[in-house]
Amino acid sequence: MTHIIFSDYRNPAAEEAYEIAWDFLARTGAVRDEFDACVFLAQRITVMVEEGQTNRIRMANRAISEYQRHLDESDDRLRSGGHRVGVY
């Protein structure tokens, strides 16, 4: 399995957070589409850097949680025929 390398010159911990999150998700089998997962993690970690986050573990954990929630919401949409569950 290959993935996109991510780096953010503003915060060296961002690259480490990305690698930690990617490794965890890949090892647990949560990565369904490699490109989408890479882009998702990079975008989320970039937002955290912009918010001033500097802790690599906190960024990795938050990115993992958000990716897992993203997958759960995607599954819910598929089960409901493309409609958001609980929204009328």
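User: In this predicted model, what makes Asp 33 a cap at the N-terminal end of α2?

Analyst: A side-chain oxygen of Asp 33 lies 3.1 Å from the backbone nitrogen of Phe 35, and a polar contact requires a pair of N or O atoms within 3.5 Å, so the distance satisfies the cut-off.

User: How do you know that the span of α2 agrees with what is expected of a helix?

Analyst: Helix α2 has 17 residues and reaches 24 Å from its first C-alpha to its last, which is close to the 24 Å expected at 1.5 Å a residue. After α2 comes Gly 52, whose phi is positive, near 95°.

User: Why is the pair of Phe 40 and Tyr 67 called edge-to-face?

Analyst: The ring centres are 5.5 Å apart and the planes stand at 70°; because rings pair within 6.5 Å and planes over 60 degrees apart count as edge-to-face, both conditions are met.

User: What makes this pair a link between parts of the chain?

Analyst: Phe 40 belongs to helix α2 (residues 34-50) and Tyr 67 to helix α3 (residues 56-79), so the pair ties together parts that are 27 residues apart in sequence. Both Phe 40 and Tyr 67 are buried, and α1 and α3 are among what covers the buried residues of α2, which include Phe 40, Leu 41 and Ile 45.

User: Why is Arg 44 said to lie over the face of Phe 40?

Analyst: Arg 44 lies over that face at 3.9 Å from the ring centre, and this value falls within the 6 Å cut-off for a charge over a ring, so the distance part of the criterion is met.

Key
Residues numbered from 1 in each chain as written. Predicted model: local features only at pLDDT ≥ 70, side-chain atom pairs only at ≥ 80, totals over all residues. Heavy atoms only, no water. Phe/Tyr/Trp six-rings, centres within 6.5 Å; stacked < 30°, edge-to-face > 60°. Helix = DSSP H or I, 4+ residues; strand = E, 2+ residues; numbered from the N terminus. Buried < 20%, exposed > 50% of the residue type's maximum accessible area, 1.4 Å probe, protein only. Lys NZ or Arg CZ within 6 Å of the ring centre and 35° of its normal. Expected span 1.5 Å × (residues − 1). Contact = heavy atoms within 4.5 Å. Polar contact = N/O pair within 3.5 Å; in protein donor to acceptor, adjacent residues only side chain to side chain.
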